[in-house]
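Reader: Please take one part of this model, examine it closely, and then set it in the context of the whole chain. I should like the geometry to be given explicitly, together with the residues involved.

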Amino acid sequence: MELDRALDCSSVPTRSTVGSLCVQFVCSGNGFVLLLNELMNYSDLIQSIRKRFKFSSNDSFHLEYSSPACSSVYLDNESDFKMLFCCAKIYHMDNVLVTVVKDVGKSCSSTSVVVDDCAEMIDENDYLGDAFKDGPQKFFLSDEWGSYLSHAGQKFESIADFRDKLRKFAVQSGFHYVLSRNDSIYVNAVCANRDVDHCGWEVLGSVASINQCFYITRFNNVHTCRGMIRNRSHRQLGSKIVRTCIESTVCLNLGLKPREIMSNFKSTYGYEISYKVASRAKKRCVEKMYGSECDSFSMLSWFREAVLETNPGSSVVLEVDESTERFKRVFVAYAGQIQGFKFSLPVLYVDGAFGKSKYKGQILAATGRNGNKGFFPLALCFCDSETEENWLFFFKNLKALLEPQGRIITFISDRGVGLLKAFDLIFPGNPHLYCYHHLRYNLSRKYKNKGGEIVVADVLQKFFKVAYASTEKSFYFHLKNLRDEGGAATIDEFIREIPLEHWCRAFFKGCRYGIMANGIAESFNNWIVAERSLPPFAMLDQTRMKEMKMMSERSVESKSWTTKLTPKMEKRLKEQLDRSRVFRVIASHENVYEVRNDKYSYSVDISTRTCSCVKWQINCFPCAHALAAIQGARLDVYDFIDPYFTAEYYRMCYSFPIAPLSNVDASCSSTEDFILPPVTKRPAGRPKSKRIASAGEKKLIRCGRCNKMGHHNKKSCTEPLNMLL
């Protein structure tokens, strides 16, 4: 038998023996040693014990052993046999003492541990359906926590390391402790049931002055209380423990949400944690990476110095109030993006997004558009609020980047607070488009309490046709229908507020590339939604890494393209060519053609790149009529497509990388500026008019931002912060 061949007692296993364990069996003063391995089974072990101790087939007995977590563990079946090896690995046991206890007055038929020479162990899972079987045992990363404390004299790197391992040991072992002494030198922990059940569990240790390591001086690992039960949760499983478990995951994914942390922790460590614990653990991870939110403002000085040193040609402007040394605003644009923007479309989407960190703030962004309909980040500004002063600061620094390029840039915005006046002062001659979706929302507000949803929907549908009208005749035709549906007085008042050239396609004289909405800016704001929850320095650094990675990936991806245009524009070209097949082309004179179908005719001038449908001029991309005329003239259609849509220009956009930053010498930086956080202002808007519930109607909670008791949380907090934290 395989087990008998392993009975050589002189073969003592070492720690390097994989799956092997030295086990001593004792019964009534007699004993023997077996070298067991995981390939053996429980029934062979029982038969060997019967043979060695000369038990008869009617003798009944059971097996017991002890582990650091429990003084008595039964070894009754195949599952217990496998768990013996698991315990040995978890608690680093080199050998195990198993006591064989003979059951007096019991026979083979009354015990489950007896195996007759001619019988086999029966596992009920072999005869049950899948829904009724015991599932396979899952091992969690928390299993090793039970071996963190083992003996007196054990060494820990620091007192903080010991406290962390003590918490995890208690969680995994299923008991609670209290600290009778806890200072910078000594830690003395006793079982929480010491006063009730007189439990003797205790651990005492101190820090050695010679090396600042922590040593256990006294350790009694025997519980004499009512018992330890490992529950699904534990009150000492707080954010400090969870932070050490999720730190590497959060570092790679700052967008991880608390509920995702809760789910991942349950599946990985086997314990349930609350939403608050998960949220605080994530916050602790961010603070360990970037420091506190207050210190984040001082790190902006080092960030400016590091960016300008590693990315020459970048623009980083940091403004601080000299009298109070408080942060005002910062503007950041990297050299790689400044150079790459020359090869993107001459359009910029400007928008503001609110910050969600402790000090709130606003993030002003200028985002370009590449030739494959994707966004191209150009510049960021972090400031206290969306005011005219901050927009002036943003546009002044933005203009300094754009003027050397010599291009006329078309701007798209949602007419944010303070934006229009600042834009007219800095960019008086540049085209400025208003987002159609925001205009539609403004129009719908004029019908509040004046009409039903059906009326408002009809008005907005007709306004859509007015905004998209390609010719002046078409504009006035649809405007008449809009005035009839929505009321002439209301519509005329609304149109007088916004100049036609800023929103209607028929009156815009430049090349707008078919843009009607500020969608690219909204896409960018959603792209950095996780970073907006971080303090300023962390937000800028994480956004930089995200943009650096995106530019690298797009550069690599574009090298595999084989088409002349970018993939999306190549697809659009093929679709337009398919539509052009139904048209007949009649030459008028040089470069001028009449393009007809069964119902309509169009005039196309390929020398001026114009079509009477106006789509070529509006979209800066040949329409189906233009493509029919170009092919009728036997010319190459690619010669009439804007170079910004070519794969070559796209590759040039991302050929200027953002250089990485190294912070190994951050502590040796010559910049020693200490910048205080800004004085936060109460958000703009009218105070709430609805009745606020009186005290006692709602439970008071402590705000994580202002640290005051009240009925608000960190996200809804509007308290001004004007203290030195």
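Author: A residue counts as exposed when its relative accessible area is over 50%, and as buried when this area is under 20%. The model is predicted, and the part chosen for a close look is the loop between helix 21 and helix 22 (647-653), where R634 is found. With a relative accessibility of 78%, R634 lies above the cut-off and therefore counts as exposed. Its backbone also deserves attention: the phi of R634 is near 55 degrees, a positive value in a residue other than glycine. Most residues other than glycine have a negative phi.

K360 offers a second case, with a positive phi of about 55 degrees although it is not a glycine. K360 likewise belongs to a loop, the one between strand 13 (347-354) and strand 14 (362-369).

The loop that holds R634 begins after helix 21, and helix 21 (residues 624-632) is itself packed against helix 19 (residues 567-580), their axes coming within 8 Å and crossing at roughly 75 degrees. The two helices are therefore roughly perpendicular to each other. Helix 19 contributes L573, Q576, L577, R579 and S580 to the contact, while helix 21 contributes A624, L627, A628 and Q631. By class, the residues of this contact comprise five nonpolar, three polar and one charged.

Another helix pair provides a useful reference. Helix 9 (residues 299-310) and helix 18 (residues 536-558) have axes that come within 9 Å and cross at roughly 30 degrees. An angle under 35 degrees counts as roughly parallel, so helix 9 and helix 18 are described in that way. Their crossing is left-handed. On the side of helix 9 the contact involves M299, L300, W302 and F303, and on the side of helix 18 it involves P536, F537, L540, D541 and R544. Here the composition is seven nonpolar residues, no polar ones and two charged ones.

A loop residue can also be buried. Y271 is located in the loop between helix 6 (258-269) and helix 7 (275-290), yet its relative accessibility is 3%, so Y271 counts as buried. Leaving out residues up to four places away in sequence, Y271 touches S142, W145, V171, Q172, R230, N231, R232, L237, F265 and K266. One of these partners, V171, is 100 residues away along the chain, with 9.4 Å between the C-alpha atoms of the two residues.

Two other partners of Y271, W145 and F265, lead to the interior, since both are among the residues with the most contacts inside the largest nonpolar core, which has 147 residues. L149, W201, F394, F395 and L398 complete that group. Beyond its neighbours within four places in sequence, L149 is in contact with Q154, F156, F162, K165, L166, F169, V203, I216 and F219. A further core of 29 residues lies apart from the largest one, and its members include L21, V23, F32 and I49.

For the chain as a whole, 46% of the 725 residues count as buried. The protein has 22 helices and 23 strands. Among contacts with a separation of 6 or more, 63% join residues 24 or more positions apart.

How values were computed
Residues numbered from 1 in each chain as written. Predicted model: local features only at pLDDT ≥ 70, side-chain atom pairs only at ≥ 80, totals over all residues. Heavy atoms only, no water. Axes fitted to C-alpha atoms, helices over the stretch in contact; angles between N-to-C directions. Helix = DSSP H or I, 4+ residues; strand = E, 2+ residues; numbered from the N terminus. Parallel < 35°, antiparallel > 145°, perpendicular 65-115°, else oblique. Contact = heavy atoms within 4.5 Å. Nonpolar A, V, L, I, M, F, W, Y, C, P; charged D, E, K, R; others polar. Left-handed = near helix turned anticlockwise from the far one by under 90°. Core = buried A, V, L, I, M, F, W, Y, C linked by side-chain atoms within 4.5 Å. Buried < 20%, exposed > 50% of the residue type's maximum accessible area, 1.4 Å probe, protein only.
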